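I opened this notebook page to keep track of what I looked up in the structure, entry by entry. The helix packing comes before the single residues and the cysteines.

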Amino acid sequence: MDFPDLTVDGDFTLGATVTATLIVMGVNVFLATVAGTLVAACAGLVTAWLNLRFDILHLLASILTMTALYTINLRVMGKPNVALIMEPTILTPLKVSSDCLICTCALFLLLFVQW
């Protein structure tokens, strides 16, 4: 595929914005993550639609979508920042201690270096 797509710059942010906003509103973290992924995919479809329907150059269509997503992200959040410090995340059920996390990272690093 020869389609330089800059929409990704706004897509990841849009997915994170929707996910964070839904988590703060009390939605299940797994459902919020799926919703964020689907909304970000729809933003990619907008870029394809602009390119195919209106024959806008693919790079320009992705720049237009990316620029629009910055404003949309602020509207979705309703404020410049959403704090997730005390909110549950996908990793919350694991309840991994910091010592266990350090040992796991060291093990992966050791395996990677030996590979």
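Entry 1, α1 against α2. I began with the contact between these two helices, in a model that is predicted, and listed the residues on each side: α1 contributes D11, L14, G15, V18, T19, L22 and I23, and these meet V29, A32, T33, A35, G36, V39, A40, A43 and G44 of α2. Sorting the residues of this contact by character, I noted 10 nonpolar, five polar and one charged. I then looked up the geometry and found that the axes of α1 and α2 come within 8 Å and cross at roughly 150°. Angles over 145 degrees count as roughly antiparallel, so I entered α1 and α2 as roughly antiparallel to each other. The crossing in which α1 passes α2 is right-handed.

Entry 2, α1 against α3. Helix α1 covers residues 8–24, and I recorded an angle of about 10° for its packing with α3, the axes being 9 Å apart. That angle is under 35 degrees, and α1 and α3 are therefore roughly parallel to each other. On the α1 side the contact is made by D9, G10, D11, T13, L14, T17, V18 and T21, while α3 supplies M66, L69, Y70, I72, N73, V76 and M77. I counted the residues of this contact as eight nonpolar, five polar and two charged.

Entry 3, N73. From that list I picked out N73, which lies in helix α3, residues 58–77. Is N73 buried or exposed? N73 counts as buried because its relative accessibility is 4%, where the cut-off for buried is under 20%. Apart from neighbours within four places in sequence, N73 is in contact with G10, T13, L14 and T17, and I find these four named on the α1 side of the contact with α3 as well.

Entry 4, α2 against α3. Helix α2 runs over residues 29–53, and the axes of α2 and α3 come within 9 Å and cross at roughly 140°, which makes α2 oblique to α3. I noted a right-handed crossing where α2 passes α3. Here A43, V46, T47, L50 and N51 of α2 meet H58, A61, S62, T65 and L69 of α3, and the residues divide into five nonpolar, five polar and no charged.

Entry 5, T65. This residue lies in helix α3 and counts as buried, since its relative accessibility is 5%. Which residues does T65 contact, leaving aside its neighbours within four places in sequence? I wrote down T7, A43, V46, T47 and L50.

Entry 6, D55. I found D55 in the loop between α2 and α3, and with 67% relative accessibility it counts as exposed. D55 is not a glycine, yet it has a positive phi of about 50°. I marked this for a second look because most residues other than glycine have a negative phi.

Entry 7, cysteines. How many disulfides does a search of the whole structure find? The search finds zero. For C105, the closest cysteine sulfur is that of C103, and at 9.4 Å it is too far for a bond, given that a disulfide needs the sulfur atoms within 2.5 Å. I also noted that C103 is exposed, with a relative accessible area of 53%, whereas C105 counts as partly exposed at 47% relative accessibility.

Conventions. Residues are numbered from 1 along each chain as its sequence is written. This is a predicted model: local features need pLDDT of at least 70, side-chain atom pairs count only at pLDDT 80 or more; totals for chains, interfaces and linings use all residues. Side-chain values use heavy atoms; hydrogens and water are left out. Buried means under 20% relative accessible area, exposed over 50%, partly exposed in between (1.4 Å probe, protein chains only). Contact means heavy atoms within 4.5 Å. Axes are lines fitted to C-alpha atoms, for helices over the stretch in contact, and angles run from 0 to 180 degrees between N-to-C directions. Angles under 35 degrees count as roughly parallel, over 145 as roughly antiparallel, 65 to 115 as roughly perpendicular and the rest as oblique. Ala, Val, Leu, Ile, Met, Phe, Trp, Tyr, Cys and Pro count as nonpolar, Asp, Glu, Lys and Arg as charged, and the others, Gly among them, as polar. A crossing is left-handed if the near helix is turned anticlockwise from the far one by less than a right angle, and right-handed if clockwise.
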